[in-house]
Each structure stands twice: as C-alpha cells, then as structure tokens.
Amino acid sequence: MNMIKTVFLLTVLTLLLVFGARYLLGPGAVLPALLISLLMNFGAYWFSDKLALKMTGAKPVTPAEAPELHRIVTRLAQRAGMPMPRLYVMPQAAPNAFATGRDPQHAVIAVTSGILEVVNERELTAVLAHELGHVRNRDTLLMAAVASIAGAIAYLAQMAQFSMFFGGHRDDEDSGGLGIVGVIAAMILLPIAATIVQLAVSRSREFGADDTGAEVSGDPLALASALRKMEAHSKQIPLAVSPSASHLFIVQPLLPGGFTRLFSTHPPIEERIARLEQRAGTYLAR
C-alpha cells in the first residue's frame with residue numbers, strides 16, 4: 001500500500017511539473033522542463049550520497065573505531081541478504097540516524113554519536129535495521145528523484161517570475177483566461193503543492209522503512225522504544241544540519257535557528273509506534 005501511494009504521489013509531482021511548464025511558460029516549455037528534471041535526477045543519482053554526507057558532516061568509521069556498530073550492521077546485512085554498507089558517524093549529541101546512496105551496493109548508513117549514548121544495543125539494532133530498510137526499499141534513490149522534481153518545479157516558478165519581470169508573461173488566452181492573476185497564483189501555489197507532495201512521499205517511505213526494519217530485526221517493539229527515546233531527546237537537542245537534509249533522518253530533527261515543524265517530513269511518532277506495537281502483536285499471535 002505504501003508503494004502504491006508513493007507511485008501515485010510521484011506521478012502527481014511529475015504532472016505538476018508538466019502542467020506548470022505548460023501554463024506558466026507555454027507548450028514549448030514542457031520538453032525543456034522534463035529535460036531539466038532528468039538532468040537533476042541524473043545528478044541526484046550519482047551525487048546524492050556525497051551531498052548528504054557533506055551537509056551532515058558525517059565521517060567514516062572503521063571496525064576498530066566503532067566495533068559494535070560494524071558488528072550489528074554486518075549481522076543485519078547478512079540476515080537481509082544485502083551488501084555491507086559503509087558506516088559513518090556524525091559528531092552530534094542529538095540521537096539520530098540516516099541512510100543514503102543510489103543502490104544497496106553504494107549505500108551509506110550514518111548515526112550520530114548521541115544515539116550511541118541514548119539507546120541500548122537492542123534498540124540500536126532496530127534503528128539500524130530501519131535504515132537498512134530504506135536501502136532495501138530504494139528509498140534513498142526515490143527521495144533524491146522526488147527532491148529533484150520538486151526542485152525543478154521551484155526553478156520553473158523562478159523562471160516565470162523573471163519572464164514576468166521582463167514583460168514576457170502569458171496573455172489571457174494562453175493562461176486560460178485568468179491572465180496575470182492566474183500566473184501569479186500558479187507561481188505561488190505550484191511550489192507549495194510540490195513541497196506538500198514531497199513531504200507526503202517522505203512520510204510514506206518512513207512507514208515502509210519501519211515495516212521493513214521490523215521484519216529484518218524481528219523486534220518491532222525495540223524500534224518503538226528507540227523512537228520514543230530519540231523523539232524525546234530530539235525535541236531538546238538541536239541537530240546542526242541544513243533544513244534540506246532533515247528528511248533523511250529517522251526522526252524529525254530539531255534544527256537550530258528556530259526552524260519550525262510546520263512542514264514535517266515525518267509522520268507522527270505516536271502513529272509510527274502504534275503501527276509497530278500492532279505489528280508486534282501480530283508476531284506474538286503466530
């Protein structure tokens with residue numbers, strides 16, 4: 001169900017791009033808009049992991065430097081039948097973790113130093129299984145593609161703004177009779193709609209990774225417990241990363257500078273915990 005919802009939302013995002021190009025800049029802008037989207041997706045495919053690691057300040061760790069981390073991920077990867085990802089640590093007190101990489105062969109899992117202090121081994125195993133779930137479900141590549149299309153829509157609105165500034169706005173006939181008012185409304189509403197769809201995809205994939213992580217670890221209650229702890233700490237300790245990287249993490253980080261959670265990239269923790277507890281009940285009933 002989560003995958004069906006994701007495909008639907010990705011289709012909506014693509015249609016927003018095509019409609020926006022057609023409405024704001026004319027029929028001739030549709031193909032260039034799609035080409036820009038493809039180019040941005042190409043860049044995201046090859047460089048999304050490097051960009052994520054740079055934005056978060058994560059550093060690679062060897063088995064000698066983080067033996068417990070390597071031991072747990074090695075066991076989980078073998079259980080899931082996946083290649084061993086590269087492991088990174090962020091020197092941050094806020095407990096959190098994320099995965100990135102274009103495919104399982106080039107995957108990265110990063111954790112903050114804070115999470116190693118807050119959760120126990122059972123909970124850490126469940127968190128790392130969740131991140132492996134993102135890798136196995138190809139969420140890392142999907143979210144890079146979604147971000148690229150949403151970025152193309154924002155760029156399209158900026159192009160329309162410049163075109164209007166220099167007297168190149170659409171006339172009433174081309175813009176469906178709404179004229180300049182309709183163009184201005186589209187420039188404002190299209191990026192907002194794209195952001196809402198992007199956030200919906202992100203939330204859907206978190207549920208999917210929770211389900212896959214619970215399957216890989218076999219311990220959904222441990223993930224529920226870890227989410228409670230991380231949520232409580234993350235509300236108090238800011239995570240010094242760019243807001244554009246907040247969707248990567250397993251729980252919504254508290255960002256410095258008073259950044260609000262109005263547009264949350266994550267579903268409510270209470271709902272995630274309830275789903276995991278229900279899943280644990282299903283395991284016990286077998």
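Let me begin with one residue, Glu206, which has its place in helix α7, residues 179-217. I should say at once that what we are looking at is a predicted model. Is Glu206 buried or exposed? Its relative accessible area is 2%, and since buried means under 20%, Glu206 counts as buried. If we leave aside the neighbours within four places in sequence, Glu206 is in contact with His130, His134, His247, Phe249, Ile250, His266, Pro267 and Arg272. Take His130 from that list: it is 76 residues away from Glu206 along the chain, and yet the two C-alpha atoms are separated by 8.8 Å.

With that residue in mind, let us step back to the whole protein. It contains nine helices and four strands, and if you read along the sequence you meet them in the pattern α-α-β-α-β-β-β-α-α-α-α-α-α. Of its 286 residues, 50% count as buried. The protein exposes about 13,500 Å², and 65% of that is supplied by carbon and sulfur atoms. Among the contacts between residues at least 6 apart in sequence, 70% join residues at least 24 apart.

Now to the sheet. In what order do the four strands lie? They form an open sheet in the order β1-β2-β4-β3, with mixed pairing, and the edge strands, each pairing on one side only, are β1, residues 59-60, and β3, residues 97-100. As general background, the strands of a sheet pair through backbone hydrogen bonds, either parallel or antiparallel.

Let us walk across the sheet, starting from β1. Strands β1 and β2 pair in the antiparallel sense over two bridges, and here Pro60 stands opposite Tyr88 in β2. Strand β2, residues 86-90, has four of its five residues buried, so it is largely enclosed by the rest of the structure. The next step goes from β2 to β4, which run parallel and are joined by five bridges, with Leu87 standing opposite Ile109 in β4. The last step joins β3 to β4, residues 108-112, through four bridges, and these two strands run antiparallel. Along this pairing Phe98 stands opposite Ala110, while Thr100 stands opposite Val108.

It is worth pausing on the side chains of β3. In a regular strand the side chains alternate between the two faces of the sheet. In β3, Ala97 and Ala99 point one way, Phe98 and Thr100 point the other way, and all are buried.

One residue of β4 also deserves a closer look, and that is Thr112. Thr112 counts as buried because its relative accessibility is 0%. A polar atom of its side chain lies 2.6 Å from the backbone oxygen of Ala94. Not counting residues up to four places away in sequence, Thr112 touches Val89, Met90, Gln92, Ala94, Pro95, Asn96 and Leu239.

What packs on this sheet? Helix α5, residues 121-136, does so, touching β3 and β4, and its direction makes about 25° with that of β3. At its N-terminal end α5 is capped by Asn120, whose side-chain oxygen lies 3.2 Å from the backbone nitrogen of Arg122. The helix has 16 residues and reaches 22 Å from its first C-alpha to its last, which is close to the 22 Å expected at 1.5 Å a residue. Of those 16 residues, 13 are buried, so α5 is largely enclosed by the rest of the structure.

Just after α5 we come to Arg138, in the loop between α5 and α6, the latter being residues 139-165. Most residues other than glycine have a negative phi. Arg138 has a positive one, near 60°. With 41% relative accessibility, Arg138 counts as partly exposed.

Finally, a word on helix α8, residues 220-234, whose 15 residues should span 21 Å at 1.5 Å a residue; the end C-alpha atoms are 21 Å apart, which agrees. Which residues of α8 are buried? They are Pro220, Ala222, Leu223, Ala224, Ala226, Leu227, Met230, Glu231 and Ser234. When you look at that list on the structure, keep in mind that an α-helix has 3.6 residues a turn, so residues three or four places apart point the same way.

How values were computed
Residues numbered from 1 in each chain as written. Predicted model: local features only at pLDDT ≥ 70, side-chain atom pairs only at ≥ 80, totals over all residues. Heavy atoms only, no water. Pairing = 2+ DSSP bridges. Contact = heavy atoms within 4.5 Å. Axes fitted to C-alpha atoms, helices over the stretch in contact; angles between N-to-C directions. Buried < 20%, exposed > 50% of the residue type's maximum accessible area, 1.4 Å probe, protein only. Areas by Shrake-Rupley, 256 points an atom, 1.4 Å probe, with all protein chains shown as cover. Expected span 1.5 Å × (residues − 1). Polar contact = N/O pair within 3.5 Å; in protein donor to acceptor, adjacent residues only side chain to side chain.
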